[in-house]
Amino acid sequence: MIIEHKFVIADVKLVADFQRYILYWKKRFTEQPITDFCSVIRINSTAPLEEQENYFLLCDVLPEDRILREELQKQRLKEILEQQQQERNDTSFRGICMFCNAEFLGNRSVLLNHMAKEHAFNIGLPDNIVNCNEFLCTLQKKLDNLQCLYCEKTFRDKNTLKDHMRKKQHRRINPKNREYDRFYVINYLELGKSWEEVQLEDDRELLDHQEDDWSDWEEHPASAVCLFCEKQAETIEKLYVHMEDAHEFDLLKIKSELGLNFYQQVKLVNFIRRQVHQCRCYGCHMKFKSKADLRTHMEEAKHTSLLPERKTWDQLEYYFPTYENDTLLCTLSDSESDLTAQAQNENVPIISEDTSKLHALKQSSILNQLLLQECLKN
């Protein structure tokens with residue numbers, strides 16, 4: 001249209017239904033001259049008359065065009081909401097997890113919640129997504145092409161891709177990729193506005209109504225999840241009590257007996273998380289079909305406290321969490337700091353030796369006796 005007819009449509013990407021838009025104006029141009037609707041732009045105005053050209057710009061400055069665009073947007077939103085409602089009520093959904101190949105039947109929310117909970121892969125609430133099947137196929141195709149969903153780099157094989165996404169915490173989609181916008185209802189709400197612009201307006205509105213008085217602020221503590229079941233506790237003390245009572249697993253006792261520092265505790269927790277996630281007993285290495293079967297076995301066989309040798313779990317790979325944002329890891333304490341706090345609580349007085357007479361101190365210092373005892377032992 002630009003080359004052959006010198007006809008330009010402004011902000012064409014913001015037209016919700018381009019086909020209906022074109023058909024409408026095609027009919028209107030047969031009824032009235034094009035100059036009644038379009039702004040005329042003359043190029044080469046300083047050139048001779050025969051070399052000058054006129055272009056016709058159709059934009060939403062024209063009230064009729066603006067109304068048409070808004071009506072098309074409303075119609076598109078209505079269709080999207082109807083599609084979304086149909087998907088929300090659909091019980092014939094069938095999908096396969098992109099990470100563990102487990103099959104899910106029923107409603108789409110079952111699969112989406114599984115990937116968020118078990119694989120820390122969250123693409124948003126099911127109720128905010130539309131055209132879910134197409135969305136999942138798009139993501140699966142990228143993984144089949146060995147492409148990271150977040151940084152969109154391509155890798156040589158599937159294992160390398162999986163390790164990259166786990167270690168870099170790239171189990172999420174790239175929010176800058178506009179290809180995904182059509183799968184979120186928020187992008188259909190307002191004409192010409194993406195989810196980022198809508199969200200920015202919401203943030204500005206909050207800032208405009210923000211008050212300086214924070215006296216009624218209440219902080220909601222993040223819940224820590226049990227190592228063996230779905231139990232959540234608001235405080236780490238309650239979680240320790242639960243694991244000891246329900247599963248006979250005393251993390252504080254294990255930490256004390258093995259003399260674990262902070263990083264060793266992190267590796268131990270991540271090791272147990274991964275074994276439980278894979279439905280494998282770390283006491284006898286048996287694998288089960290479900291976490292419930294694993295939990296029953298470990299409790300009956302008393303394997304929850306039967307830890308393998310240190311070299312099994314004290315590995316570099318267990319620095320990386322099994323689940324993203326594992327609150328339990330944030331509550332672990334360092335053994336050295338605990339010892340320091342304990343020593344401070346005992347209020348043991350420490351008297352330094354007099355260093356004003358170094359020669360006499362060398363002869364009478366208690367360190368001489370300690371060195372002598374050490375030499376005798378050797």
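A polar contact, as I use the term here, is a pair of N or O atoms within 3.5 Å; inside the protein, one atom must be able to donate a hydrogen and the other to accept it. I keep that at hand for the first entry, and I note that the model I am reading is predicted.

**Entry: R273**

I looked up R273 and found it in helix α10, which spans residues 262-277. Is R273 buried or exposed? I count R273 as buried, because its relative accessibility is 4% and the cut-off for buried is under 20%. I then asked what the R273 side chain reaches. The answer is the backbone oxygen of C226, at 2.8 Å.

**Entry: R274 and E317**

I moved on to R274 and found a salt bridge with E317, the closest N and O atoms lying 2.9 Å apart. R274 sits in helix α10 and E317 in the loop between α12 (310-313) and α13 (327-330), so this pair ties together parts that are 43 residues apart in sequence. I checked the cover on both partners. R274 is buried at 13% relative accessibility, while E317 is partly exposed at 39%.

**Entry: salt bridges elsewhere**

How many salt bridges does a search of the whole structure find? I get 26. I picked out a couple more to look at.

D17 pairs with R20, and the closest N and O atoms are 3.0 Å apart. D17 is buried, with a relative accessibility of 14%, whereas R20 is partly exposed at 37%.

In helix α3 (residues 63-89), I looked at E71 and K74, whose side chains meet in a salt bridge at 4.0 Å, N to O. Why are these two about one helical turn apart? They are three residues apart in the helix, and that spacing is why. E71 is partly exposed at 44% relative accessibility; K74 is exposed, with a relative accessible area of 53%. For comparison, I went back to R274 and its burial at 13%. After that I followed shared partners, and salt bridges of this kind join D17, R20, R76 and E79 into one network.

**Entry: the β4 and β5 hairpin**

I turned to the strands next. β4 (residues 93-96) and β5 pair in the antiparallel sense, over four bridges. Which residue of β5 is the bridge partner of F93? I found G106. The two strands form a hairpin with six residues between them. In its turn, N101 has a positive phi of about 65 degrees.

I also looked at the faces of β5, residues 103-106. F104 and G106 make up the covered face, and E103 and L105 the uncovered one. G106 therefore comes up twice in my notes: on the covered face, where covered and buried rest on accessible area, and as the partner of F93.

**Entry: positive phi in loops**

Most residues other than glycine have a negative phi. With that in mind I noted the exceptions I came across. E248 has a positive phi of about 55 degrees although it is not a glycine. E248 lies in the loop between α8 (236-247) and α9 (251-258), and it is partly exposed at 44% relative accessibility.

H285 has a positive phi too, about 70 degrees, and is likewise not a glycine. Where does H285 lie? I place H285 in the loop between α10 and α11 (291-300). H285 counts as exposed, because its relative accessibility is 56% and the exposed class starts over 50%.

**Entry: annotated spans**

I checked the UniProt record, an unreviewed entry. Its annotation "domain: C2H2-type" covers residues 146-175 and 277-308. I then looked at each span in the model. For residues 146-175, the end C-alpha atoms lie 19 Å apart, and the span is 33% helix and 0% strand. For residues 277-308, the end C-alpha atoms lie 17 Å apart, with 34% helix and 0% strand.

**Entry: a nonpolar patch**

Last, I looked at the surface. Which residues make the nonpolar patch of about 260 Å²? They are M1, V12 and F18. M1 sits in the segment before α1 (2-5). M1 is partly exposed, with a relative accessible area of 47%; that fits the patch rule, because patch residues need over 30% relative accessible area.

Conventions. Residues numbered from 1 in each chain as written. Predicted model: local features only at pLDDT ≥ 70, side-chain atom pairs only at ≥ 80, totals over all residues. Heavy atoms only, no water. Patch = residues over 30% accessible without salt bridge, like charges linked within 9 Å, V, L, I, M, F, W, Y side chains within 5 Å. Areas by Shrake-Rupley, 256 points an atom, 1.4 Å probe, with all protein chains shown as cover. Buried < 20%, exposed > 50% of the residue type's maximum accessible area, 1.4 Å probe, protein only. Pairing = 2+ DSSP bridges. UniProt positions renumbered as here; feature names shortened; annotations may be inferred.
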